[in-house]
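Colleague: Hi, I'm new to this one. Could you walk me through it?
Modeller: Happy to. Let's put it on the screen and start with the overall picture.

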Amino acid sequence: MKAYKFDTKISENGAILLPLNPNLYNKEVEIIIVPKTKPEKTRIHKASDFVNKWAGFLTNSETDNSKFNYLSEKYR
């Protein structure tokens, strides 16, 4: 079954106008009405916001000893 999607407006007297589509003439259809919502304004992201959010998430820890110990045990 093929689905069609049209953006239209319901008039003050309740009429719905659809674009010309002969494929739908003389056929039963199911109509679902979904009110459009206005998208929320997106906030402009700044680099400083990112840094403040993630600062300290990854610490600069010394990993060389851990790597050396792991590889020493693995390839013993």
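Colleague: How many helices and strands does the protein have?
Modeller: There are 2 helices and 0 strands in the protein. Keep in mind as we go that this is a predicted model.

Colleague: Is it spread out or a compact globule?
Modeller: Spread out: the radius of gyration is 30 Å, while the globule rule gives 11 Å for 76 residues, so the protein is more spread out than a compact globule. The C-alpha trace spans about 80 × 35 × 15 Å along the principal axes.

Colleague: And what share of the residues count as buried?
Modeller: Just 1% of the 76 residues count as buried. The protein exposes about 8800 Å², and carbon and sulfur atoms supply 56% of that area.

Colleague: Let's zoom in on α1. Which residues does that helix cover?
Modeller: Helix α1 runs over residues 47-54. Of its 8 residues, the number buried is 0, so α1 lies largely in the open.

Colleague: What comes just after α1?
Modeller: Gly56 is there, and that glycine takes a positive phi of about 85°.

Colleague: Which residue that is not a glycine has a positive phi?
Modeller: Asn26 is one, with a phi of about 60°. As background, most residues other than glycine have a negative phi. Asn26 sits in the segment before α1, and it is exposed because its relative accessibility is 84%, over the 50% cut-off.

Colleague: Okay, new topic: aromatics. How many aromatic pairs are there in the whole structure?
Modeller: A search of the whole structure turns up 2 aromatic pairs. One is Tyr4 with Phe6, which is stacked, with 6.3 Å from centre to centre and 5° between the planes.

Colleague: Are Tyr4 and Phe6 buried, exposed or partly exposed? What are the values?
Modeller: Tyr4 counts as partly exposed at 34% relative accessibility. Phe6 is partly exposed too, with a relative accessible area of 29%.

Colleague: And how do the rings of Phe50 and Trp54 sit?
Modeller: Their centres are 6.5 Å apart and their planes are at 45°, so the Phe50 and Trp54 pair is tilted. The tilted class holds angles that are neither under 30 degrees nor over 60, which is why 45° lands there.

Colleague: Where do Phe50 and Trp54 lie along the chain?
Modeller: Both are in helix α1, 4 residues apart, which is about one turn of the helix. In general, an α-helix has 3.6 residues a turn, so residues three or four places apart point the same way.

Colleague: How exposed are Phe50 and Trp54?
Modeller: Phe50 is exposed, with a relative accessible area of 54%. Trp54 is partly exposed, at 38%.

Colleague: Now pockets. What volume does the largest pocket have?
Modeller: About 1100 Å³. The lining of the largest pocket is made up of 27 residues.

Colleague: Which of them lie nearest its centre?
Modeller: Tyr4, Phe6, Glu30, Ile31 and Ile32. Tyr4 and Phe6 are the stacked pair from before.

Colleague: How does the lining split by class?
Modeller: It has 16 nonpolar, 3 polar and 8 charged residues.

Colleague: Last topic, distances. What separates Lys36 from Asp7?
Modeller: Their C-alpha atoms are separated by 9.3 Å, and the two residues are 29 apart along the chain. Lys36 is in the segment before α1, and Lys36 is exposed, with a relative accessible area of 68%.

Colleague: And how far apart are Val34 and Asp49?
Modeller: In space they are 36 Å apart, C-alpha to C-alpha, and in sequence 15 residues apart. Val34 also has its place in the segment before α1, and Val34 is exposed with a relative accessible area of 63%.

Colleague: Great, thanks for the tour!

Terms used
Residues are numbered from 1 along each chain as its sequence is written. This is a predicted model: local features need pLDDT of at least 70, side-chain atom pairs count only at pLDDT 80 or more; totals for chains, interfaces and linings use all residues. Side-chain values use heavy atoms; hydrogens and water are left out. Rings of Phe, Tyr and Trp (its six-membered ring) pair if their centres lie within 6.5 Å; planes under 30 degrees apart count as stacked, over 60 as edge-to-face and the rest as tilted. Buried means under 20% relative accessible area, exposed over 50%, partly exposed in between (1.4 Å probe, protein chains only). On a 1 Å grid over the protein atoms alone, a cavity is a set of points where a 1.4 Å probe fits but cannot get out, and a pocket is an open set with protein on both sides within 12 Å along at least five of seven lines; lining residues have an atom within 4 Å of a point. Grid points are joined across faces, edges and corners, and a volume is the space filled by probe spheres set on the points. Ala, Val, Leu, Ile, Met, Phe, Trp, Tyr, Cys and Pro count as nonpolar, Asp, Glu, Lys and Arg as charged, and the others, Gly among them, as polar. The radius of gyration is taken over C-alpha atoms; the globule rule is 2.2 Å times the number of residues to the power 0.38. Accessible areas come from the Shrake-Rupley method with a 1.4 Å probe; for residues, only the protein chains shown count as cover.
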